[in-house]
Amino acid sequence: MKTKSHHSQTFRSVPAHSKPFDTSHLQKILQEQLDLYKNSTLGSDLEHQLATQTIPLGAHSTFQSFEPYPVSIVSAKGAWMTDVDGRKMLDLSMGFGAMLAGHLNPDVVSELRDALDVGTLFTTPSPLSRDAAERICRRFGIDQVRFTNSGTESTMYAVRTARAYSGKEGVVKVEGGYHGSHDSVLFSNKPALAKAGPADAPTPVIPNASVAGEVYVVPFNDADALENLFEKHSKTIACFIVEPVLENIGIVLPDEGYLEAVRDLCDKYKVVLIFDEVKTGLTAGPQGAAQRLGVIPDLICLAKSIGGGIPLAAFGGKAEFMLPVSDGRMPHLGTFNGHALAMAAVRAVDKICTVAALDKAESLNKDALIRIREVIDEYELPAHTVGFGVKGCITWSDTPVRNYRDYKATNFQIAELSFLWSLNHGVITPPGLDEQWLISLAHGQAEIDFMVNDFKEFAKTIRG
Ligand SMILES: Cc1ncc(COP(=O)(O)O)c(C=O)c1O
């Protein structure tokens, strides 16, 4: 049976009352904020013009680019970044969540410096790479792990491992979920509804230039839809890849019992369950989301937060499911895998992400979520707050978002305005209209106060 309460380890607070916006007032403020942005970021504009001559869109990832142009940064330390115009900005994006340790965390820097004394790339095993693997296995409760260089590589190899393990090819993912940029997961990422089919049995939407293979898509928080799909196709389905908490359409929480139902269905239909913890990972708690939420996948993908800002990722899991890597059914390769700097970063992050340190960041996050909720109440905004671990977001809807279709019904006009407002008022959040904030180990009470006050000013302005 479907239940609509969210998992007890997650946070959501929806207001009892709200009033709609005056959209023409919002449009006017959006124009003012756009003008202000262009007038106060002349250096970023120039950088962008120069960069577009050699870099498509002027950025090395399409995620980093937005209209009219992104902020260009010259330095970052702790929880703050400085742009080319000399503006100091509170960083709430924190490298899309990768900078959990904070920018230039002294312990990370010191481990990296020590590694530089002994070398950078050995392309052969080392005590450092063994130590890093042991730390990751211990923390995340897995038997075996292989390091890669990006989340994309990790999900690609996890899917391939599941195919080798099961002897099947099909991949199932959740509509609206993002798992990196390789062909077998880059479908129905944020599909246009006109192409996406019915809500309870969506059609996979495959982007241009991508060869997806056998793929299926299901709505999040709908175990019945997953079972219907498995009943028809499990004979050819290798794996279900899912974020235990969706973190690319704001933050979408699993309903109480959903992940347990997913686990049971994967066992029943012999489908490998892959948790993509690229975004959750240590931001979910000291042992990651799976252990916190109490549902253990067969394979897990890690990246971002485990690497202290160094390009590093991993995939691993139960020994039985990693066997295809050992017995040669799924060769896993990569020149830079186990790079000494990345291994040193794992060691540093493992040392500094203590239970106490992560608890402190989580309680600051709770403080932000609660105080922002109070502002939402005071101004009767059609919005609510959602959080998990050290991450949080404001969702511009007065009802909970449980899947991609709910997300598509949220207010994108106000989300765009909120993003631009923050950029103009010294707060940087990830580009896009639906990303969450990260409270890192470098954020303190002063940063939380800054962020809450900024939101209060925003609320005042949009209510006129
Ligand atoms: C859930 C999830 N999986 C995979 C990826 C891909 O990671 P990367 O950008 O390191 O390739 C991302 C990136 O944001 C992600 O959010």
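Let's start with charge pairs: this structure has 24 salt bridges. Keep in mind that the model is a predicted one. Besides those pairs, there are two nonpolar cores to look at, one of 43 residues and another of 38, while the disulfide count is zero.

**Salt bridges**

- Side chains of opposite charge can pair when their charged atoms come close.
- Take Lys351 and Glu111, whose side chains meet in a salt bridge at 2.8 Å, N to O. Lys351 sits in helix α10 (residues 340-352) and Glu111 in helix α3 (residues 106-118), so this pair ties together parts that are 240 residues apart in sequence.
- The two partners sit in different surroundings: Lys351 is partly exposed at 45% relative accessibility, whereas Glu111 is buried at 13%.
- Both residues also belong to a network of salt bridges, which links Glu111, Asp131, Arg135, Arg139, Arg347, Asp350 and Lys351.
- Asp255 and Arg402 form another salt bridge, with 2.6 Å from N to O. Here the partners come from loops: Asp255 from the one between β8 (237-242) and α7 (258-269), Arg402 from the one between β13 (391-395) and α12 (404-408), 147 residues apart. Both Asp255 and Arg402 are buried.
- Asp449 and Arg371 pair up too, at 2.8 Å, N to O. Asp449 is in helix α14 and Arg371 in helix α11, so the bridge ties together parts 78 residues apart in sequence. Asp449 is partly exposed, at 27%, and so is Arg371, at 22%.

**Nonpolar cores**

- In the largest nonpolar core, with its 43 residues, the ones with the most contacts inside it are Leu381, Trp396, Met451 and Ile462.
- Several elements give two or more residues to this core, including the helices α1 (23-40), α11 (355-378), α13 (412-424) and α14 (445-462), plus the strands β3 (80-83) and β4 (88-91).
- Want to see one core residue up close? Leaving aside neighbours within four places in sequence, Trp396 touches residues including Phe21, Leu381, Pro382, Ile414, Phe455, Phe458 and Ile462.
- Apart from the largest core lies the one of 38 residues, with Val172, Val252, Val262 and Tyr404 among them.

**Cysteines**

- Why does Cys266 have no disulfide? Its closest cysteine sulfur, in Cys239, is 9.1 Å away, too far for a bond. Cys266 is buried, at 1% relative accessibility.
- Cys353 is in a similar spot: its sulfur lies 17 Å from the closest cysteine sulfur, in Cys137, which is too far for a bond. Cys353 is buried as well, with a relative accessible area of 1%.

How values were computed: Residues are numbered from 1 along each chain as its sequence is written. This is a predicted model: local features need pLDDT of at least 70, side-chain atom pairs count only at pLDDT 80 or more; totals for chains, interfaces and linings use all residues. Side-chain values use heavy atoms; hydrogens and water are left out. A disulfide is a pair of cysteine sulfur atoms within 2.5 Å. Buried means under 20% relative accessible area, exposed over 50%, partly exposed in between (1.4 Å probe, protein chains only). A nonpolar core is a set of buried Ala, Val, Leu, Ile, Met, Phe, Trp, Tyr and Cys residues joined through side-chain atoms within 4.5 Å. Helices (H or I, at least four residues) and strands (E, at least two) are DSSP runs, numbered from the N terminus. Contact means heavy atoms within 4.5 Å. A salt bridge is a side-chain nitrogen of Lys or Arg within 4 Å of a carboxyl oxygen of Asp or Glu.
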